[in-house]
Amino acid sequence: TDASIASLTESHVFDFVNCSGGKASTRTLRISALRSFFEWGQAKGYVIANPSKLVDVNYRMMRVAEIETEHRQPITEEEYLAMLEFLQLRDPVFRDMTILGYCTGLRLCDCACFEWASIVPEGLVIYPMKTRETRLILPVEEPLIFRPEMQELLARLLARQPDGHYVWPDKACRMDDTSFMSSAYRAQLEKAGIMGKGFHGLRVAFARRLRAAGKSIFDVAKVMGHRSLETTAEYLGMSTWERVRMKQLERADNSGAAAAA
């Protein structure tokens, strides 16, 4: 109707063009058709303004979606070992961060900004940058985390004289540009022949390794610092039905905790 056409805003057009999926060519056709449609509506007097006039295809949003897909691709054990060998001489710090990321599931920002104070006799105590108020404790007695290469890494680090706040200050100073660090690591992966994956693939691999070893989804969520089981279910590659089931379990768990309080 005329009333519904007149009520459309620039925000509606943006969502239709950029948030409804499709290739770039499809989105371009959408915006072109909408501009012609609203020009016709203006000529007929149905609408006063053309809400599609200032809307463009948001290519950056499309790229972010592509990167997110890459982030969900786990790095396999074989690829992980290949990366350690590849980075041995090319970038030893990236190699150490690869070990830390694969063995602990820490994000790129937390690995780059790994602090000396996080290394304690009980294991590792991390305050993730994404949720600073949450304390993440990785116990030394957990063999799935403190694998031989992880133990070797920590022993080598502790043999050094701590200098400053961060273990790798050169990497930490670049975290004001996280896209640069992420792209740099992805470039190393591609040079090693590992395509379509990023540093986050180490975190996904960590979650799935824990689950494959028999850990419950609650245990996996706890050690990864997830607030929602649904997020953990996505990392584990669970189906839509399984994620719904996880949501139900989460609600039941929260209700039980509230009742106990």
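**Notebook: salt bridges, sheet and a pocket**

**Entry 1. Asp 96 and Arg 156**

I began with Asp 96, which has a relative accessible area of 8% and is therefore buried. I note here that the model I am reading is a predicted one. I then asked which residue forms a salt bridge with Asp 96. The partner is Arg 156, and the closest N and O atoms of the two are 3.1 Å apart. This pair links distant parts of the chain, since Arg 156 belongs to helix α8 (residues 148-158) and Asp 96 to helix α6, with their positions 60 residues apart in sequence. I looked up the exposure of Arg 156 as well: its relative accessibility is 32%, so Arg 156 counts as partly exposed, the limit for buried being under 20%.

**Entry 2. A further partner of Arg 156**

I found that Arg 156 also forms a salt bridge with Glu 152, where the closest N and O atoms are 2.9 Å apart. This contact stays within helix α8: Arg 156 and Glu 152 are four residues apart there, or about one turn of the helix. Glu 152 has a relative accessible area of 38%, and I recorded Glu 152 as partly exposed. I noted next that Glu 77, Arg 147 and Glu 149 are joined into one network by salt bridges that share partners.

**Entry 3. Asp 91 and Lys 171**

I searched the whole structure for salt bridges and obtained eight. One of them joins the side chains of Asp 91 and Lys 171, with an N to O distance of 3.4 Å. Why does this pair tie together parts that are 80 residues apart in sequence? Asp 91 lies in the loop between α5 (77-90) and α6 (92-104), whereas Lys 171 sits in helix α9 (residues 169-172), so the contact connects these two parts. I also checked whether Asp 91 and Lys 171 are buried or exposed. Both residues are buried.

**Entry 4. A nonpolar surface patch**

I turned to the surface and recorded a nonpolar patch formed by Phe 37, Trp 40 and Tyr 46, which together have about 280 Å² of accessible area. Tyr 46 is located in the loop between α3 (24-44) and α4 (59-71). The relative accessibility of Tyr 46 is 31%, so I list Tyr 46 as partly exposed.

**Entry 5. The three-stranded sheet**

I traced an open sheet of three strands in the order β1-β2-β3, paired antiparallel. The edge positions are held by β1 (119-120) and β3 (136-139); each has a single partner strand, so one side of each has no neighbour in the sheet.

I looked at β1 and β2 and found two bridges between them in the antiparallel sense. These strands form a hairpin with two residues between them. Ile 119 has Leu 124 as its bridge partner in β2.

For the other pairing, I counted four bridges between β2 (residues 123-126) and β3, again antiparallel. Here Leu 124 stands opposite Leu 138, and Gly 123 has Pro 139 as its bridge partner in β3. Leu 124 thus appears in my notes opposite Leu 138 and as the partner of Ile 119.

**Entry 6. The two faces of β3**

I asked which side chains of β3 point to one face and are buried. They are Leu 136 and Leu 138, while Ile 137 and Pro 139 point to the other face and are not buried. I checked Leu 136 separately: its relative accessibility is 4%, so Leu 136 counts as buried. I also looked up the distance from Leu 136 to Ser 118, which is 9.9 Å between C-alpha atoms, with a separation of 18 residues in sequence.

**Entry 7. The second largest pocket**

I recorded a volume of about 270 Å³ for the second largest pocket. It has 14 lining residues, and those nearest its centre are Ile 137, Pro 139, Asp 219, Lys 222 and Val 223. The elements that give two or more residues to this lining are β3 and α12 (217-224). Which element supplies the largest share of the lining? It is α12, with four residues. I close by noting that Ile 137 and Pro 139, recorded here among the residues nearest the pocket centre, are the β3 side chains that point away from the face of Leu 136 and Leu 138.

Note on methods: Residues are numbered from 1 along each chain as its sequence is written. This is a predicted model: local features need pLDDT of at least 70, side-chain atom pairs count only at pLDDT 80 or more; totals for chains, interfaces and linings use all residues. Side-chain values use heavy atoms; hydrogens and water are left out. A salt bridge is a side-chain nitrogen of Lys or Arg within 4 Å of a carboxyl oxygen of Asp or Glu. Buried means under 20% relative accessible area, exposed over 50%, partly exposed in between (1.4 Å probe, protein chains only). Patches are made of residues with over 30% relative accessible area and no salt bridge: like charges are joined within 9 Å, nonpolar side chains (Val, Leu, Ile, Met, Phe, Trp, Tyr) within 5 Å. Accessible areas come from the Shrake-Rupley method with a 1.4 Å probe; for residues, only the protein chains shown count as cover. Two strands pair if DSSP finds at least two bridges between them. On a 1 Å grid over the protein atoms alone, a cavity is a set of points where a 1.4 Å probe fits but cannot get out, and a pocket is an open set with protein on both sides within 12 Å along at least five of seven lines; lining residues have an atom within 4 Å of a point. Grid points are joined across faces, edges and corners, and a volume is the space filled by probe spheres set on the points.
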